[in-house]
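Welcome! Please take a moment to look over the chain below before reading on.

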Amino acid sequence: MNGVQGLLAASVVSILNSCFTYPACQNCFSRLILDSRRFNCLKCGCTGEAKDASYRYRLSLKIADTKDLFDITVFGSCLDPFFGVTAENLQRYIQDFNQLSGETNTESSTRALVQAVETCFIGKRFIFGV
């Protein structure tokens, strides 16, 4: 979509997934394929070292206005103010936390992040550009 077609005032009913960041191509914003050393963009062919991959926010929500329910996804830096950091920094903080805590199972840090996001968004009313 090239621009906002309209505005929708709606309340967040639920968070639809627990993955709020993704490795994103710097050229086309598509999801990168990562292995232990390299990344590859299937859409535009961009490649590089995995440690240099950029991250972007992707927040999938179920929202409701006065009449209907909608599933929407909000992408990018517009979410920086809500999370307080860029997606790259959030991803780095999560990785550092898991390494420092010795977590091999990232379930506890994921659960804590999901709970924080639910507290921040569920029941709140926003104006969405659609």
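This report walks through the overall layout, then two of the helices, then the charged pairs and the cysteines.

## The chain as a whole

What you see is a predicted model. The chain has three helices and eight strands. Following the sequence from its start, you meet them in the order β-β-β-β-β-β-β-α-α-α-β. Along the principal axes, the C-alpha atoms fill a box of roughly 50 × 35 × 20 Å.

The chain has 130 residues, and 32% of them count as buried. Its exposed surface comes to about 8400 Å², with carbon and sulfur atoms supplying 52% of that area. Among contacts with a separation of 6 or more, 58% are made by residues 24 or more positions apart.

## Helix 2

Let us begin with helix 2, which has 14 residues. From its first C-alpha to its last it reaches 20 Å, close to the 20 Å expected at 1.5 Å a residue.

Which residues of helix 2 are buried? They are A87, L90, Q91 and N98. Looking down the axis of helix 2, these buried residues fall within an arc of 100°, so they line one face of the helix. A general feature of helices helps here: an α-helix has 3.6 residues a turn, so residues three or four places apart point the same way.

The other side of helix 2 has a contrasting character, with Q99 and L100 exposed there. The cover over the buried residues of helix 2 includes strand 2 (21-24), strand 6, helix 1 and helix 3. After helix 2 comes G102, which has a positive phi near 75°.

## Helix 3

Helix 3 can be read in a similar way. It runs over residues 107-121, and at 1.5 Å a residue its 15 residues should span 21 Å. The C-alpha atoms at its ends are 21 Å apart, which agrees with that expectation.

The buried residues here are S109, L113, V114, V117 and F121. Seen down the axis of helix 3, they fall within an arc of 135°, so they too line one face of their helix. Turned away from that buried side is a face carrying the exposed residues Q115 and T119.

What lies over the buried residues of helix 3? The cover includes strand 1 (7-15), strand 6 (54-64), helix 1 (80-83), helix 2 (87-100) and strand 8 (125-129). So helix 2 helps to cover helix 3, and helix 3 in turn is part of what covers helix 2. Strand 6 appears in the cover of helix 3 and also in that of helix 2. Just after helix 3, G123 takes a positive phi of about 85°.

## Charged pairs

Side chains of opposite charge can pair when their charged atoms come close. How many salt bridges does a search of the whole structure find? The search finds three, and they are set out here.

| Salt bridge | N to O distance |
|---|---|
| K51 with E49 | 3.7 Å |
| K51 with D52 | 3.3 Å |
| K62 with D71 | 2.7 Å |

Sharing of partners joins E49, K51 and D52 into one network. Within this network, K51 is exposed, with a relative accessible area of 65%. Its partner E49 is partly exposed at 38% relative accessibility, and D52 is partly exposed as well, at 46%.

K62, which pairs with D71, is also partly exposed, with a relative accessible area of 24%.

## Cysteines

How many disulfides does the structure hold? The count is zero. C28 is in no disulfide, and the nearest cysteine sulfur to its own belongs to C41, 3.5 Å away.

Why is C44 not bonded to C25? The closest cysteine sulfur to that of C44 is the one in C25, and the two are 3.5 Å apart, too far for a bond, because a disulfide needs a pair of cysteine sulfur atoms within 2.5 Å. C44 itself is partly exposed, with a relative accessible area of 38%.

## Looking back

As you turn the model, a good place to start is the pair of helices described above. Helix 2 has its buried residues on one face, and helix 3 likewise lines one face with its own. From there, you can look for the network of E49, K51 and D52 and for the cysteines C25 and C44.

Methods. Residues are numbered from 1 along each chain as its sequence is written. This is a predicted model: local features need pLDDT of at least 70, side-chain atom pairs count only at pLDDT 80 or more; totals for chains, interfaces and linings use all residues. Side-chain values use heavy atoms; hydrogens and water are left out. Helices (H or I, at least four residues) and strands (E, at least two) are DSSP runs, numbered from the N terminus. The expected span of a helix is 1.5 Å times one less than its number of residues. Buried means under 20% relative accessible area, exposed over 50%, partly exposed in between (1.4 Å probe, protein chains only). The arc is that of the directions from the helix axis to the C-beta atoms. Contact means heavy atoms within 4.5 Å. A salt bridge is a side-chain nitrogen of Lys or Arg within 4 Å of a carboxyl oxygen of Asp or Glu. Accessible areas come from the Shrake-Rupley method with a 1.4 Å probe; for residues, only the protein chains shown count as cover.
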